[in-house]
Amino acid sequence: MSNRTKTNHFDCIVVGGGHAGVEASYAAAKIGARTCLITVSKDTIAKMSCNPAIGGLGKGQIVREVDALGGLMGLAIDATGIQFRLLNRSKGPAVQAPRAQADKYKYEAWVRSRLEETANLTIVEAMATQIITEADKVTGVRCGDGTIYRAPAVILTTGTFLRGLMHTGTQQVPGGRLGEPAANKLSESLEQIGLKLSRLKTGTPARLDGATVDLETLEVQYGDEEPAPFSFMTERIDRPQIPCWITYTNEEIHRLIRDNLDRAPLYSGQITSTGPRYCPSIETKVVRFADKKRHQVFLEPEDEQISTIYCNGISTSLPKDVQEQILKLLPGTENARIVHYGYAIEYDFCPPIQLKSSLESKKVSGLFLAGQINGTSGYEEAAGQGIVAGINAARRLEGAESVVLGRDQAYIGVMIDDLLTKGIGGDARGGEERLGTLCEPYRMFTSRAEYRLALRADNADRRLTQIGKSAGLVDEKRWVKFQKKVADVAKLKSYLNNTRSNGTSLWEQLRRPGNTLAKMLGENPDVKNMNFTEDVLEAAAIDAKYEGYLAKQERLAASLQSLENRKIPTELDYEGISHLRAEAKEKLSAFRPGTLGQASRISGITPADILVIQIHLKKALSSGQAGGAEADS
């Protein structure tokens, strides 16, 4: 990294201290870049502005991947979680995922403390207002007080702050989230440097005073007796576990909501942007599922003391008086005091087809984007993008090749590839063309991953820790532990393959459906004497179970790899390619895929189109006119 000495000169600047900004700044600094994290307030770093939980289906796998690469989120939730559950425990390992409720105040404090003690990382409290560029290269960030911070790499992780507008009934308040100002000037700056913006919407429910909720009358949901950690570095979870409680809406609440839809911003025309389909508001549920007599609501403590409770399931932007009436009709909350009301928020984002696979802008060299600015939802999706952006910003400064995770390597790879090849829709500001095909915030699900049998939560370390080490992010303690696990798994597999019982190896017996050997493996005298840890026993048993399926997936991935390796010049003139269909020219010119593999996954692109491009690139290369055909994607 460069040896900068001026106070306001850095190698990398990260704008925004949310979950993407945390991972981006930590990764860049750990790798060696002199990094500046600009956030409005240190007190809001890693703030859980929506639900106080980490993980879930698809999301839990991302957290494990962030951890395997050397990130913070898994360690943070292990240190501050108050209820841990392994979802889909009754199903196969490929769709199991960890989830945990957090003491959100301790979570924020833990992360802030870890960042403050990180070498090469300076935290600045300021409002970023302008991205400074020269000849389409980023050179720094100007803040509201006029101070300019210089760096050749800038990572934007702005969350919902870009022209954020909060709605509660007819009340509209500019802001990035409750009590914090919107970043209007930064939106204007992004448009000035040539980025296209669009609008999305999200929302949050009311928070209640825990002491005023009648929890004794409600159904209780406990965590697991033996909590499964998120981080591969956590031996066990010893923290006290706090339950959640379940209640249900009723027909009287639904009638109240229907009677007030004319006062609901989502239905009055006040909000025009699209929200997340899989986390709808209660008014959307009542309208969309009109025949349903009740909807489940989880009352989730936000801290160990249960001082505040998050009402998961009734996200809303209805007027305050209607929210009060809903809670008076909801069993358990009849006498609850509202700490703060639910609201919806509209915000700008940059449709992600404007990015390279490294998350660097195609338009502005050195500018990276991560998190909700790319149209995603969720802390976990943000963290996954943040760590990739941080790694690649630092590597760019070193002149090293970008780390691009494949769809067969990580859920993070699936997510980024989806964003680049499917985009996020919504009408662009200024009446410009639609920039994507998805019209809602992106959320990760296991069903999005075609290689999900290989992309399990249990093996994220074996998939990604080597990559994190090569990038310079994995420390020696994690590396030593990882190497020992890999060696122990190999040793156990060798024993199982070479030990026979009833004419077949123990490994073959493990592969049989419904076998009981996996549960009893740790009781085998020889295995017991080798002192393997529980995760080593689990790894061997799961590998045996999936061996045949994984072999098929590996053959499929290998057959497609030639397309993934074939890069396409960013500046390729698709209009000038003979025999390429008009629709293909339009789609490819808009998305600008980095590889033939990415091009093949764009909606409307056919195998014939890919063949035409291949022929064109081959001719251009042979004539010496490839124009950067092997350029970085």
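Okay, so two strands count as a pair if DSSP finds at least two bridges between them. Strands themselves are DSSP runs of E with at least two residues, numbered from the N terminus.

Quick word on what we're looking at: this is a predicted model, where local features need pLDDT of at least 70, side-chain atom pairs count only at pLDDT 80 or more, and totals for chains, interfaces and linings use all residues. Residues are numbered from 1 along each chain as its sequence is written, and side-chain values use heavy atoms, with hydrogens and water left out.

Let's use that pairing rule. Strand 7 and strand 8, residues 137–143, are antiparallel partners with six bridges. For instance, Gln-130 is bridged to Arg-142 in strand 8. Now bring in strand 9: the three make an open, antiparallel sheet, ordered 7-8-9. Strand 7 (128–134) and strand 9 (148–150) each have a single partner strand, so these edge strands have one side without a neighbour in the sheet. On average, neighbouring strands here are turned by 30° against each other, ignoring direction; the angles are taken between lines fitted to C-alpha atoms.

Next, strand 5. How many of its residues are buried, meaning under 20% relative accessible area with a 1.4 Å probe, protein chains only? Six of six, across residues 97–102. In a regular strand, side chains alternate between the two faces of the sheet. Here, Ala-97, Arg-99 and Gln-101 point one way, while Pro-98, Ala-100 and Ala-102 point the other.

And who pairs with strand 5? Strand 4, residues 81–87, does so antiparallel over six bridges, with Phe-84 bridged to Ala-100. Strand 3, residues 53–55, is also antiparallel to strand 5, over three bridges, and Ala-53 has Gln-101 as its bridge partner.

Note on methods
Buried < 20%, exposed > 50% of the residue type's maximum accessible area, 1.4 Å probe, protein only. Helix = DSSP H or I, 4+ residues; strand = E, 2+ residues; numbered from the N terminus. Axes fitted to C-alpha atoms, helices over the stretch in contact; angles between N-to-C directions.
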